[in-house]
Amino acid sequence: MTDTARTILITGVSSGLGRAFAIAALDVGHTVVGTVRKEADAAAFTALHPERAHVRILDVTDDAEVRAAVDEVEQSVGPIDVLIANAGYGLEGTFEETPLADLRTQFDVNVFGAAATVQAVLPHMRARRRGHVLAVTSMGGLAGFPGVSAYCGSKYALEGILEAVGKEVASFNIHVTAIEPGSFRTDWAGRSMIRTPRTIPDYDDLFEPIRAARRRASGRQLGDPARAAAAVLHILDTPSPPAHLVLGSDALRLIRAGRDAVDHDLNTWEGLARSTDFPQEETADDPLRSSIRRPPGQRVREGH
């Protein structure tokens, strides 16, 4: 049992990592309010514990409903100490083949649903001057992969929001953590994955092997959801929790490779990057010097 029992709000607890987080939290003595979309899932969740498992049926894309649900939980269950914004889904398909309507829906759930939940809990946490906000992004929020451009885009957007919010609320003793899982043995690549129909043969050689490999790997992923849940609970008890919690050896490898690629571009093109500043003194080795066409009358040096 944990020394400090908390009230934890977790969105999307019907399956996958959300359910693993909830079960682990209940097992160590926390009170968990879980959100689901269906009545059948609600009954299954409350059966996990007769007193400490509370459920709310919630559509995270309804901003007013999200705020009302958070306010109601604060009144009826108790102050929310921890939020884990987990609700989301995967959308597979090349970017050119993905309808923009599907892209918008992906962002509605993965970005705006999480943002609405975070925004709803912050006034309560800020008033108490304490709290921990966590949201599940993905290794695809720190490194892009072909065939899941919409998904990666949504997770990159959420990463940016969380990193900025963490800096905004730090003085209120509110911690913000982005959870970046790799491939875990959940149904993310199964029933939770929406697959865009193929329409452009030019992408066959690139994408068909990726889609086939993902289907073959479903159910045999490296990541253990229970161990992921234990890792998340561990950082709740640390005085300085991370802003980024990467989960899984595959996530570590792929995120590091992605960041190495960014570092390579930064180092390779550092001179060009610096050349766009107003120069203190133009030099002959300025790579843009000969190509800049200045407006008539503009001086090269306009002060110190």
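Asn 173 sits in the loop that links helix 5 to strand 7 (174-181). In this predicted model, the phi angle of Asn 173 is positive, about 65°, even though the residue is not a glycine. Asn 173 is neither tucked away nor fully out in the open: at 43% relative accessibility, it counts as partly exposed, because the partly exposed class runs between the buried limit of 20% and the exposed limit of 50%. Arg 129 tells a similar kind of story. Its phi is near 60°, again a positive value in a residue other than glycine, and its place is in the loop between helix 4 and strand 6 (131-136). With a relative accessible area of 44%, Arg 129 is partly exposed.

Stepping back to the whole chain, the secondary structure comes to nine helices and nine strands. The protein has 304 residues, and buried ones make up 41% of them. As for how the chain folds back on itself, take the contacts between residues at least 6 apart in sequence: 67% of these join residues at least 24 apart.

Helix 4 (residues 100-128) takes part in two of the helix pairs described here, one with helix 5 and one with helix 3. Starting with helix 5 (residues 149-169), its axis and that of helix 4 come within 8 Å and cross at roughly 20°. Helix 4 is therefore roughly parallel to helix 5, since angles under 35 degrees are put in that class. The crossing of helix 4 past helix 5 is right-handed. On the helix 4 side, the residues that meet helix 5 are Leu 103, Gln 106, Phe 107, Asn 110, Val 111, Ala 114 and Leu 122. Helix 5 brings Ala 150, Tyr 151, Gly 153, Ser 154, Lys 155, Ala 157, Leu 158, Ile 161, Val 165 and Val 169 to the contact. Sorted by character, the residues of this contact between helix 4 and helix 5 split into 12 nonpolar, four polar and one charged.

Leu 158, one of the helix 5 residues in that contact, also turns up in a C-alpha pair with Ala 115. The two residues are 43 apart along the chain, yet their C-alpha atoms are separated by 7.8 Å. Ala 115 belongs to helix 4 and is partly exposed, with a relative accessible area of 23%.

Helix 4 also has helix 3 (residues 63-76) as a partner: the axes of these two helices come within 8 Å and cross at roughly 35°. Here too the crossing is right-handed, with helix 3 passing helix 4. Asp 63, Val 66, Arg 67, Val 70, Asp 71 and Glu 74 are the helix 3 residues involved, and they meet Ala 116, Thr 117, Gln 119, Ala 120, Val 121, Pro 123, His 124 and Arg 128 in helix 4. This contact of helix 3 with helix 4 holds six nonpolar, three polar and five charged residues.

Ser 76 is another residue of helix 3. Its side chain is joined to that of Arg 56 by a polar contact of 3.4 Å. Ser 76 counts as partly exposed, at 46% relative accessibility.

A further helix pair brings together helix 1 (residues 16-27) and helix 7 (residues 225-236). Their axes come within 8 Å and cross at roughly 60°, and helix 1 and helix 7 are therefore oblique to each other. Helix 1 passes helix 7 in a right-handed crossing. Leu 17, Ala 20, Phe 21, Ala 24 and Ala 25 make up the helix 1 side of the contact, and they meet Pro 225, Ala 226, Ala 228, Ala 229, Val 232 and Leu 233 in helix 7. The tally for the contact of helix 1 with helix 7 is 11 nonpolar residues, with no polar and no charged ones.

Finally, there is a serine further along the chain. Ser 275 is found in the segment after helix 9 (270-274). A polar atom of the Ser 275 side chain lies 2.6 Å from the backbone oxygen of Leu 272. Ser 275 is buried, with a relative accessible area of 14%, whereas Ser 76 in its contact with Arg 56 is partly exposed at 46%.

Terms used: Residues are numbered from 1 along each chain as its sequence is written. This is a predicted model: local features need pLDDT of at least 70, side-chain atom pairs count only at pLDDT 80 or more; totals for chains, interfaces and linings use all residues. Side-chain values use heavy atoms; hydrogens and water are left out. Axes are lines fitted to C-alpha atoms, for helices over the stretch in contact, and angles run from 0 to 180 degrees between N-to-C directions. Helices (H or I, at least four residues) and strands (E, at least two) are DSSP runs, numbered from the N terminus. Angles under 35 degrees count as roughly parallel, over 145 as roughly antiparallel, 65 to 115 as roughly perpendicular and the rest as oblique. A crossing is left-handed if the near helix is turned anticlockwise from the far one by less than a right angle, and right-handed if clockwise. Contact means heavy atoms within 4.5 Å. Ala, Val, Leu, Ile, Met, Phe, Trp, Tyr, Cys and Pro count as nonpolar, Asp, Glu, Lys and Arg as charged, and the others, Gly among them, as polar. Buried means under 20% relative accessible area, exposed over 50%, partly exposed in between (1.4 Å probe, protein chains only). A polar contact is a pair of N or O atoms within 3.5 Å; within protein, one must be able to donate a hydrogen and the other to accept it, and residues adjacent in sequence count only if both atoms are side-chain atoms.
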